[in-house]
Amino acid sequence: MSDAPTRQVVLIVEDEALVRMTAVDMVEEAGFEVLEATNADEAILLLEARSDITVVFTDIEMPGSMDGVRLAAAVRGRWPPIKIIATSGRYVVRDGDLPSGGLFLPKPYSPNQISSALRALTAQA
């Protein structure tokens, strides 16, 4: 695989530790490198520090200064190439909630849903 020397990096933003650990496992199984944040503020700090993040996979309902929808908008505004996947068990995403090209995955999601969503988004890169 000399044409792909580094794996794409996915930033998972999820405040519930067990859910985050499960998501990390699924994303790593799909062949991606993973960074973790427990809220949008941590996510922004990581995005400012790292230039290799290709996808932000965020929960919508989180404590902190912004929820996942606002985080998605902030990411699109400051780092336009980064792809966005949002997820929630309760929140229903309406048209216009996520930036164009953003994907929504309802919880609970399966490893297949995660890997196909990530592949679909990163294939556009």
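**Note on the salt bridges, cores and helix α1**

1. Lys 107 and Asp 59 form a salt bridge in which the closest N and O atoms are 3.2 Å apart; the term covers a side-chain nitrogen of Lys or Arg within 4 Å of a carboxyl oxygen of Asp or Glu. Lys 107 lies in the loop between β5 and α4 and Asp 59 in strand β3, so this pair ties together parts that are 48 residues apart in sequence. Helices (H or I, at least four residues) and strands (E, at least two) are DSSP runs, numbered from the N terminus. Asp 59 counts as buried at 3% relative accessibility, where buried means under 20% relative accessible area, exposed over 50% and partly exposed in between, with a 1.4 Å probe and protein chains only.

2. The basis of these values is as follows. The model is predicted, with pLDDT of at least 70 needed for local features and 80 or more for side-chain atom pairs, while totals for chains, interfaces and linings use all residues. Residues are numbered from 1 along each chain as its sequence is written, and side-chain values use heavy atoms, with hydrogens and water left out.

3. Lys 107 also meets Glu 14 in a salt bridge, at 2.9 Å from N to O. Glu 14 is in the loop between β1 and α1 (17-29), 93 residues apart from Lys 107, and the pair links distant parts of the chain. Glu 14 is buried, with a relative accessible area of 3%, whereas Lys 107 counts as partly exposed at 21%. Glu 14, Asp 59 and Lys 107 are thus named as one network of salt bridges.

4. The structure holds 8 salt bridges. Another one of them joins Arg 90 and Glu 61, with the closest N and O atoms 3.5 Å apart. Arg 90 lies in the loop between β4 and β5 and Glu 61 in the loop between β3 and α3, so the pair ties together parts that are 29 residues apart in sequence. Arg 90 counts as exposed at 65% relative accessibility, and Glu 61 as partly exposed at 32%.

5. The count of aromatic pairs comes to 1. Rings of Phe, Tyr and Trp (its six-membered ring) pair if their centres lie within 6.5 Å; planes under 30 degrees apart count as stacked, over 60 as edge-to-face and the rest as tilted. The pair is Phe 57 with Tyr 109, edge-to-face, at 5.5 Å centre to centre and 70 degrees between the planes. Phe 57 lies in strand β3 and Tyr 109 in the loop between β5 (103-106) and α4 (111-123), so the pair ties together parts that are 52 residues apart in sequence. Phe 57 is buried at 4% relative accessibility, and Tyr 109 is buried at 11%.

6. The largest nonpolar core has 23 residues, and Leu 11, Val 13, Leu 47, Ile 53, Val 56, Leu 71 and Val 75 have the most contacts inside it. Such a core is a set of buried Ala, Val, Leu, Ile, Met, Phe, Trp, Tyr and Cys residues joined through side-chain atoms within 4.5 Å. Two or more residues come from each of β1 (9-13), β2 (33-37), α2 (40-49), β3 (53-59), α3 (68-78) and β4 (83-88). A second, separate core of 18 residues includes Val 10, Ala 23, Val 27 and Val 55.

7. Ile 53 shows how the larger of these cores is joined across the sequence. Leaving aside neighbours within four places in sequence, Ile 53 is in contact (heavy atoms within 4.5 Å) with Val 9, Leu 11, Leu 35, Leu 46, Leu 47 and Ile 82.

8. Helix α1 agrees with its expected span, which is 1.5 Å times one less than its number of residues: its 13 residues should span 18 Å, and its end C-alpha atoms are 18 Å apart. Its buried residues are Arg 20, Ala 23, Val 24, Met 26 and Val 27. Down the axis they fall within an arc of 165 degrees, so they line one face of the helix; the arc is that of the directions from the helix axis to the C-beta atoms. These buried residues pack against β1, β2, β3 and α4. The face turned away carries the exposed residues Leu 18 and Glu 29. Gly 31, with a positive phi near 95 degrees, follows α1.
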